[in-house]
Amino acid sequence: RVPPIPSLCSLSNEKCHEHYTTEFLYNLYSSEGKGIFDCRINVLGHLQQGGAPTPFDRNYGTKLGVKAVLWMSEKLQEVYRKGRVFANSGDSACVIGLRKKVVAFSPVTELKKVTDFEHRLPQEQWWLNLRLMLKMLANYQISLTEYISGTMEHVTRRTLSIEKGF
């Protein structure tokens with residue numbers, strides 16, 4: 001079997017630089033890769049702006065729509081009193097989305113606490129902790145002590161046993 005050629009991903013946007021266009025980056029990686037990198041152009045912005053939705057997109061959109069309408073119906077029943085709607089609680093304005101593999105409603109007041117509005121990003125990004133490990137997997141010259149905090153302990157016992165706690 002022939003091992004797969006690794007792919008290289010480059011992200012840029014329209015405000016990146018006037019000379020570093022998508023085509024320039026493609027040509028640069030293609031010529032410098034010399035068969036090590038597999039290059040192709042894929043402009044995600046056009047995919048995100050519309051086009052033909054896949055069956056998965058339609059199914060998922062339908063499921064989220066149904067959950068949103070059911071949630072709104074429940075909330076309206078909870079806050080409806082004497083012909084008026086009192087939607088003044090923190091969870092009266094929510095955003096639906098995935099949170100740890102589960103479709104969940106997040107109150108906008110909670111999202112405001114964890115959002116960096118200047119950069120339009122979450123304040124805490126879980127994947128940033130994986131950067132050193134990814135560099136190690138990509139054969140960067142990184143020592144293990146940079147990745148794991150604490151001190152290294154040498155094992156002097158020659159045998160391991162469950163009774164002695166390894």
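**Briefing on a predicted protein model**

Among contacts in the protein between residues at least 6 apart in sequence, 24% link residues that lie at least 24 apart. The model is a predicted one, and its protein holds six helices and six strands. When these elements are read along the sequence, their order follows the pattern α-α-α-β-β-β-β-α-β-β-α-α.

**Surface and burial**

- The protein has 166 residues, and buried residues account for 7% of them.
- The accessible surface of the protein amounts to about 15700 Å², and carbon and sulfur atoms contribute 57% of that area.

**Helix α1 and the residue after it**

- Helix α1 takes in residues 22-33, which is 12 residues, and at 1.5 Å a residue these should span 16 Å.
- The C-alpha atoms at the two ends of α1 are 16 Å apart, so the distance in the model agrees with the expected span.
- An α-helix has 3.6 residues a turn, so residues three or four places apart point the same way.
- After α1 comes Lys-34, a residue with a positive phi, near 50 degrees.

**Thr-22 in its surroundings**

- Thr-22 has its place in helix α1, and with a relative accessible area of 37% this residue counts as partly exposed, because that value falls between the limits of 20% for buried and 50% for exposed.
- Although Thr-22 and Ile-41 are 19 residues apart along the chain, their C-alpha atoms are separated by 7.3 Å.

**The hairpin of β3 and β4**

- Strand β3, made of residues 94-99, pairs with strand β4, made of residues 102-107, in the antiparallel sense, and the pairing runs over six bridges.
- The two strands, β3 and β4, form a hairpin in which two residues lie between them, and in this turn Lys-100 has a positive phi of about 55 degrees.
- Arg-99 has Val-102 in β4 as its bridge partner, while Cys-94 stands opposite Pro-107, which also belongs to β4.
- Residue 94 begins the range given for β3 and residue 107 ends the range given for β4, and these are the positions of Cys-94 and Pro-107, which face each other across the pair.

Notes
Residues numbered from 1 in each chain as written. Predicted model: local features only at pLDDT ≥ 70, side-chain atom pairs only at ≥ 80, totals over all residues. Heavy atoms only, no water. Helix = DSSP H or I, 4+ residues; strand = E, 2+ residues; numbered from the N terminus. Expected span 1.5 Å × (residues − 1). Pairing = 2+ DSSP bridges. Buried < 20%, exposed > 50% of the residue type's maximum accessible area, 1.4 Å probe, protein only. Contact = heavy atoms within 4.5 Å. Areas by Shrake-Rupley, 256 points an atom, 1.4 Å probe, with all protein chains shown as cover.
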